[in-house]
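Trainee: I have a model open and would like to know how its labels are earned. Could you take me through the reasoning?

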Amino acid sequence: MTAALQFLFQRLPPSLPQTQQAHAALLKCGTVPFDTRPTANLLALYAHHIRLADAAVLLRFIPRPDPFPFSALISALVSARLFSPALALFSSMLSLGFPPDPFVLPVALKACAALPSLPIGRQLHSLSLVAGISADPFINSALVHMYLKCRAVADAQLVFDRMTDKSVVTWSAMIAGCATHGRVGEALQMFKQMRTSGVQPNQITWNGLLVGFNRSGHPQETVLTMRRMHSEGFEMDEVCISSTLSAVADMESVAIGSQIHGYVIKAGLEVNSSVLSALVDSYGKCGRTEEMVRVFDEVGSVDVGSCNALIAGLSRNSRADDALKAFKEFKAQGIELNVVSWTSTVACCSQNGKDMEALELFREMQAAGVDPNAVTIPCLLPACGNIAALMQGKSAHCFSLRKGILMDVYVGSALVDMYAKCGRIKDARAIFDTMKTRNVVSWNAMIAGYAMHGKAKDAIDLFLSMKRNMQKPDSITFISLLSACSQAGLTEEGERYFIELQQEHSIIARVEHYACMVSLLGRAGRLNEAYDLIRKMQVEPDGCVWGALLSSCRVHNNVRLAEIAAEKLFQLEPENAGNYVLLSNIYAAKGMLDGVDRMRDIMKNMGVKKEPGCSWIEIKNMVHMLLAGDKSHPQMSQIAEKLEKLSVEMKRLGYHPSTDFVLQDVEEQDKEHILCGHSEKLAVALGLISTPSGTPLRVIKNLRICGDCHAAIKFISNFEGREIHVRDTNRFHHFKDGHCSCGDYW
Ligand code: ZN
Ligand code: ZN
């Protein structure tokens, strides 16, 4: 026998170079591939070293293959997690006439479980019955495992019940399966049966029960199981502790959390990365940020899991700045941050008004070579919508298309919302129409989009189609619907839906619904009815409700009710300058100048400052932020020049700036100057000088648009021949040919 062949018959498998040497030697003497046995052995060796291509080539040339090389290669494929090729090879093995045996069938079942594929699993099950090997204990445990992985608990139970010889492994798998599927009673019953049948539970059985209860959302049972396990003298390892801490976080029970934390310190487990992340996560969910940060800082070595838990915890407790800081520190420390770290930081920014930061992070993420996923995109899109970053939103759309995640219901709904907020209501609808599955969030996004664009009829049509599609509306649906009716002056429809939401859908009307109703009645001039509605409210009216009444009073110049509403508002939100300005405007319109003076004095004495106006405009893929009166934009001199020119033209054509909207003690000329500094006008001017003529402009404003800017932009749309879309806090204004879609009511 040659030296090469000797390797093949040694007990220990030879190394890969040795295998390759043997292969070369066997080729030279002509043994491979013409002798079946040595070739099959060589194939098994290649399979063992996961050299699957080499093994596959040998399999093709084996003169008379038998099941052995097939089994070897199938096992190797499964170990390499190549489940579909493993099953394909298994199927070609069967087609060559080899029956499945008790060695290869459990391997094929393992592949089914991993995929998971219930139909193939069932076929394999019938195959075992036909082949007469269905009583084999290995096959049966593999079947139980496969059915559980495929969520077919009843099938698993059937196989399990027929098994004569149940090992602790099979019992544990079955118990864990029941617990994971939320069958609490059955899991506990089986646990008892296992003991009476003489099989004692081990650590894996206990952990399976506990992990399963936690996964299926049974925190109480998880903690109880942990207590029982501990009292029976079993060790609490990292698996047990992480799951229990996660249950504690769901229960928000700081007391139990601290007890477990104490145990963790005693057992020296805090350096374990999964225990550390679970501790950080649990303190974060219980709102104990100080403890959370302390635990994290005390453990020197950190891994990406605990870093993610810290970022999520800070974000959850509205500590966005700290979360962003922590993220940057981790990056600087060279910790290999993953898609979860990036995604939760993007989410943290977009949920806390840091939209520009969210977009920047998303760019950095891609530059760092981290692929966004179906969770990242819905976290990013609200930021695009908030500041109308249409190009960036579109690129996220393209990305979803390429990655095949466009059909994800969360991605789709977020895209609908983004396009609507960026002024592209038709694109929003096109996405909505192609969505294969829709949930209440998707419908609400589309209805809210129509409401924002003042398209009340479309909002109502979609609402009717929502009901035809058996989608139950929720309280948010009605907020959009009522706001659409109120903006469009559809008083009767609004009143009908207000009754419908309470009577047909048993939704308790919230302050937001009342605020819409007050606007609706107010717009129709029914101010006394609006006031009556507020007095009859089941919930305490808030600033939005009184604010709606005050705004309506401004339109109809009703001083009596305006004073009542303003009085409430001054108590509820003394810092909100808009309320003083509104009341002052009403006094001014009625010629009650002492009232105007009083308002100005109050504002001066209280030091009330207007929230700085801020607008965004996207130009060539780049979002520009403009602050009222801010001189820092690099093109400010050109912007000012443009506004100056426009203002000359406006005056020449008989337009006079209204100074009603400036409540400051300044000279007339300065007032005009301050109006020039309003952020929406700066943004429009920047758009005019930076884009070719005729290009539509899209501006977002953080406050309600003021009357002067509204009039000025109407003029600009006509004079410059541009479509200008301005989204303020309330709605969209589409300016075209000197008119606005809101019909001057907002
Ligand atoms: Zn303005
Ligand atoms: Zn308008």
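Mentor: We will go through the labels one by one and set each value against its definition.

Trainee: What should I know before we start?

Mentor: This is a predicted model, where local features need pLDDT of at least 70 and side-chain atom pairs count only at pLDDT 80 or more, while totals for chains, interfaces and linings use all residues. Residues are numbered from 1 along each chain as its sequence is written, chains are lettered from A and ligands numbered from 1 in the order written, and side-chain values use heavy atoms, with hydrogens and water left out.

Trainee: What makes an atom a donor of the zinc ion (ligand 2)?

Mentor: Donors are N, O and S atoms within 2.8 Å of the metal (3.2 Å for Na, K and Ca), and sites may look incomplete because water is not among the atoms. Here His 710 (NE2), His 733 (ND1), Cys 740 (SG) and Cys 742 (SG) coordinate the zinc ion (ligand 2) at 2.0 to 2.2 Å, so they count as donors. Along the chain they follow the spacing H-x22-H-x6-C-x1-C.

Trainee: Where do the two histidines sit?

Mentor: His 710 is in helix H40 (residues 707-719) and His 733 in strand S5 (residues 732-736), 23 residues apart, so this pair links distant parts of the chain. Helices (H or I, at least four residues) and strands (E, at least two) are DSSP runs numbered from the N terminus. Both His 710 and His 733 are buried, which means under 20% relative accessible area; exposed is over 50%, and partly exposed is in between (1.4 Å probe, protein chains only).

Trainee: Why is the site of the zinc ion (ligand 2) called tetrahedral?

Mentor: Four donors count as tetrahedral if all angles lie between 85 and 135 degrees. The angles among the four donor atoms are 102 to 118°, so the site of the zinc ion (ligand 2) is tetrahedral. The ideal angle for four tetrahedral donors is 109.5 degrees.

Trainee: Why is Glu 252 called exposed, and Ile 50 partly exposed?

Mentor: Glu 252 has a relative accessible area of 54%, so it is exposed. Ile 50 is at 41%, so it counts as partly exposed. Glu 252 lies in the loop between helix H15 (238-251) and helix H16 (254-266), and Ile 50 in the loop between helix H3 (36-48) and helix H4 (52-61).

Trainee: What makes the backbone at Ile 50 and Glu 252 worth a look?

Mentor: Most residues other than glycine have a negative phi, and most peptide bonds are trans. Ile 50, which is not a glycine, has a positive phi of about 55°, and Glu 252 has a positive phi near 50°.

Trainee: Which peptide bond is cis?

Mentor: The bond from Leu 115 to Pro 116 is cis, with omega near -15°. Pro 116 lies in the loop between helix H7 (104-114) and helix H8 (118-130).

Trainee: How do you know that Arg 227 and Ala 24 are partly exposed?

Mentor: Arg 227, in helix H14 (residues 219-231), has a relative accessible area of 39%, so it is partly exposed. Ala 24, in helix H2 (residues 16-28), is at 42% and is therefore also partly exposed.

Trainee: How far is Ala 24 from Arg 316?

Mentor: They are 292 residues apart in sequence and 62 Å apart in space, C-alpha to C-alpha.

Key. Four donors count as tetrahedral if all angles lie between 85 and 135 degrees; four count as square planar and six as octahedral if opposite donors are over 155 degrees apart and all others between 65 and 115; anything else is irregular.
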